Each structure stands twice: as C-alpha cells, then as structure tokens.
Amino acid sequence: MSSQLIDRSVIDAHNARLQRDLDSDYAHLGEQLARRGVDIETVRAQVAAFGVAIPSWGVGTGGTRFARFPGQGEPRHVFDKLQDCGVIQQLARATPTVSLHIPWDKCSDWAELRQTATAYGLAFDAMNSNTFSDQKGQAHSYKYGSLTHSDAATRAQAVAHNLECIEIGQKLGSKALTVWVGDGSNFPGQQHFRRAFDRYLDSSAQIYAGLPADWRMFLEHKIAEPAFYSTVIQDWGSSYLAASALGPKAQCLVDLGHHAPNVNIELIVARLIAAGKLAGFHFNDSKYGDDDLDAGSVSPYRLFLVFNELVAAAHEGVPFEPAYMLDQSHNVTDPIESLMTSAVQVLRTYAQALLVDRHALDAAQDGNDAMTATHLLKQGFQTDVTPILQRVRLDAGGAIDPVGAYRASGYRQRVGAERPAAAGGGGGIV
Ligand code: AOS
Ligand code: ZN
Ligand code: ZN
C-alpha cells in the first residue's frame, strides 16, 4: 500500500538539496525572533502540534455550476481519495485527518477503509451529511428543502440520513457531524420564515438525540446558495440560536466564504468563542462570495486576524477546541498541490499569530494606543516564518518544499495511468 505513496528516496534527495539553506535561514530567523523576546523553538513545537483536516471531496476537481474540467488521475472512489490525502500528509505533514462526505464516500467495508487510513497515517475528522442533493433511489426529493421541508416524510428521511452518517462515523473513529443545509427559498413569500426555522430545530433535535456522548454537532451557516432569496441557517445568529436550543454538544461552524461581503469574520469568531459555541472552521478564501478559493490566496491578512483571535483566546486560557478543515474547490490547479499549499498557509498564519506580543497588545489596548496595537499585529503578520514551517515538515519526515517534491515524484502521472478518466466524486457545491 505504501508503495502507492511517494518513495522515501525522492523526499530524502529533495530535502538534501535544500537543507543547508534551511539551516541557515532557521538560525537567522531564530536570532531575529530572540531580539523580540520570542523563542523560535516554542513556536516550532506549537506549529508541529497543529493539524488541519482535508475534505475528501477536495482531492477531486471541484467544478462550478457551469462545468467541471476533470484533471489527470482523478480519484474514482473513497480509497483513491484517501491515497491522495496520504500523499498530502506524507509531504506537508499538516493534515493528519480526513473529513468524509456521505453518500459520496460510501463504501462496502468501513473496517478496511479505517485500516487503510491508519496505514497512511490518517484518522477521520468530522462526518459531513448531504441533504442538498437527491441520491439515486431516494423516496423524497430535497428540491424544496430537507431538514426544514414542509413535508414530514421528507424531513424524516433527512434526519435518518444524518443518523446514518453518525453510525458510519462511529465505525471510523470520527467524533463530530457537520450539518450544512442549503434549505431556504428563492421568492419572497415562498417560505414561512419562523415555521421553517422551527422545523429545522425539530429535525436537528432528533439528530442531536442520536449523538454519542463524546460527539459534537457542527452547524454550518451560509448566507445564500442554493437558495438565493432566503436561507434558513443563513448566519451565525441563526446558527447560534439553533446551537443554543439544541444543547452543549451543538456548536457553530464558520466557513470563511459563507458571509456577506466585508463582514468582520474575526469578530464573529470572538463572539462564538466567548459564548462557548465555536465549533471550528472551513478554511478557504474568496473575493465575491462562497468562491472556495485556496486559503489565504486573496486575503491572507483576514485569515491572520481570525488566527489572532484564536491565539489570543488560547493565550488567555479560554476553554475551546475548534476543529480545523480546508473547504476549497480546485478548478485550475492539481488538488494535491492546492491542498498542501493551503495547509501550509494555515500553519503559516497560525505561526504568525503566535508571534504577536500579547502583553504589549493588552497594554496598547488598555492605553488606547491604536497605532502600537495595529503595529503589533502587523509585525507578526509581516514576519516570514517559512523556515519554521520547513523545519517542522523536515522533522516530521515530510518535504522541505512539498510541491517541489510532489512534482519530482511523478505521482500525478502515475495515478493518471492507473485511474481511468471518470466523473469523480464530489460536486461543484462546496
Ligand atoms: C457548502 O457551501 C459548504 O461549504 C459545506 O461545507 C458543504 O457541505 C461542503 O462543501 C461539501 O459540498
Ligand atoms: Zn464549508
Ligand atoms: Zn461553502
């Protein structure tokens, strides 16, 4: 099985060429940080302990509402997807878990899937249900909604599907269920807002009742799409109301692309942390809407400001345990390259946020010194932490330059020959 992944000798040869430069860059950065009172080894250990999950659907080409242009060697089923995730983890060492989507990732032997994951050094993150599209042979259509549908039998079917996702997740060692529903309306007057929300609460309470004791339920809000006039769980307000009504195991998941333009997402994150309701994140980037561009590719400072809230809360000892996942749609890149790059970007941003002098920031805030406060954030954001990231990968057995090593390995060409062109799992809605 491991022969399917990247050969150790390819990674070693690649690292051997880069290690001298890394050593000198790392030493130099260590000196710079020491002058600021920051111990590079402490930062390195924190970054090494950080992981972000890969969505199984991310390793296929996403596509849009208009078209999907499959790439070479697209994964044909969940085992292929897992193999690609194994490569991402092998080289970038930042993504120890995979998040599955049911029914896209259904298979006939969950025990075998779990064993395969373990062999690749992977475990399973949150399970994702799908009641936003109809599956073959399904009795009731989700055209007019799922958990909030006006018809009780359709709601019951959607509840049963979520309970099945929990059941599968238990076989895989998952500990959370993420529920995103696109339910809503396309015309003013089409839907009774309060009744639809009540139906959501009623249906999700039935799912919540099926959660094992050590599981959490992540409610993912999204402002619009596929419903373009109104969405039932459209923002963190509705999500928070629902999570509060359900109970302590229900929390609010923040997908960075799911807000109105210019919304202050880091402020939402701070509110959810304060309320004990932050489930975690779907990282991606956007320019216009739920674009699902690669994390930090357009607005890296916005991502930094989110991490600044997380690091501040951790520094202050606030109890919280966010789940981190990428949720991107790759249309013009090799998904493996995008996912490695985005995982590294997430770690980079975390490292930058760790560099902020929290005590100096507290003092600047208390003293109303806006210029110093904002300078302290910029100082962290503008630090090139690349040597720390490279070192963390090298120490964990990964590649100093994951994309370079991946290209040198010829993995894509190899799976291109092994996997005949197929439609691929996972659609254009991410
Ligand atoms: C949809 O816009 C969301 O981002 C969800 O997370 C969705 O379930 C996932 O992207 C799979 O389509
Ligand atoms: Zn998402
Ligand atoms: Zn989305």
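## Close-ups of a parallel sheet and its loops

**View 1. Asn262, sitting in the loop between β9 and α8.** Here and below, helices (H or I, at least four residues) and strands (E, at least two) are DSSP runs, numbered from the N terminus. The model is a predicted one, where local features need pLDDT of at least 70, side-chain atom pairs count only at pLDDT 80 or more, and totals for chains, interfaces and linings use all residues. Residues are numbered from 1 along each chain as its sequence is written, while chains are lettered from A and ligands numbered from 1 in the order in which they are written. Asn262 isn't a glycine, yet its phi is positive, at about 70°. Asn262 counts as exposed because it has 6 C-beta neighbours inside 10 Å. For the cut-offs: with C-beta atoms placed from the backbone, a residue is buried if 20 or more other C-beta atoms lie within 10 Å of its own, exposed if 12 or fewer, and partly exposed in between.

**View 2. Asp292, in the loop between β10 and α9.** This is another non-glycine with a positive phi, here about 55°. Asp292 is buried, with 25 other C-beta atoms within 10 Å. As background, most residues other than glycine have a negative phi, and most peptide bonds are trans.

**View 3. Asn284 and its neighbours, in the loop between β10 (278-283) and α9 (300-315).** Asn284 counts as buried because 28 other C-beta atoms lie within 10 Å. Leaving out residues up to four places away in sequence, Asn284 touches Leu256, Gly257, Asp292, Leu293, Ala295, Leu326, Asp327 and Gln328. A contact here means that the C-beta atoms of two residues, placed from the backbone, lie within 7 Å. Gly257 is 27 residues from Asn284 along the chain, but their C-alpha atoms are separated by 6.6 Å.

**View 4. Strand β10, with β9 and β11 as its partners.** All 6 of the 6 residues of β10 are buried, so the strand is largely enclosed by the rest of the structure. Strands pair if DSSP finds at least two bridges between them. β9 and β10 run parallel over 4 bridges, and in that pairing Val254 has Phe281 as its bridge partner. β10 also pairs in the parallel sense with β11 (residues 323-326), again over 4 bridges, where Phe283 is matched with Leu326.

**View 5. Crossovers into and out of β10.** β9, helix α8 (residues 265-274) and β10 form a right-handed β-α-β unit. Right-handed means that, with the strands pointing away from the viewer, the path from the first strand over the helix to the second runs clockwise. Carry on along the chain, and β10, α9 and β11 make a right-handed β-α-β unit too.

**View 6. Strand β7 (residues 216-220), mostly covered.** Of the 5 residues in β7, 4 are buried. β7 is joined to parallel strand β5 (residues 176-179) by 4 bridges, and it also pairs with β9 (residues 250-255) in the parallel sense over 4 bridges. Look for Leu219: Val179 of β5 stands opposite it, and Cys252 is its bridge partner in β9.

**View 7. Two cis peptide bonds, each leading into a proline.** The bond from Ile102 to Pro103 is cis, with omega near 15°. Pro103 lies in the loop between β2 (97-99) and α4 (110-119). Glu225 and Pro226 are also joined by a cis bond, with omega about 10°. You'll find Pro226 in the loop between β7 and β8 (230-231).
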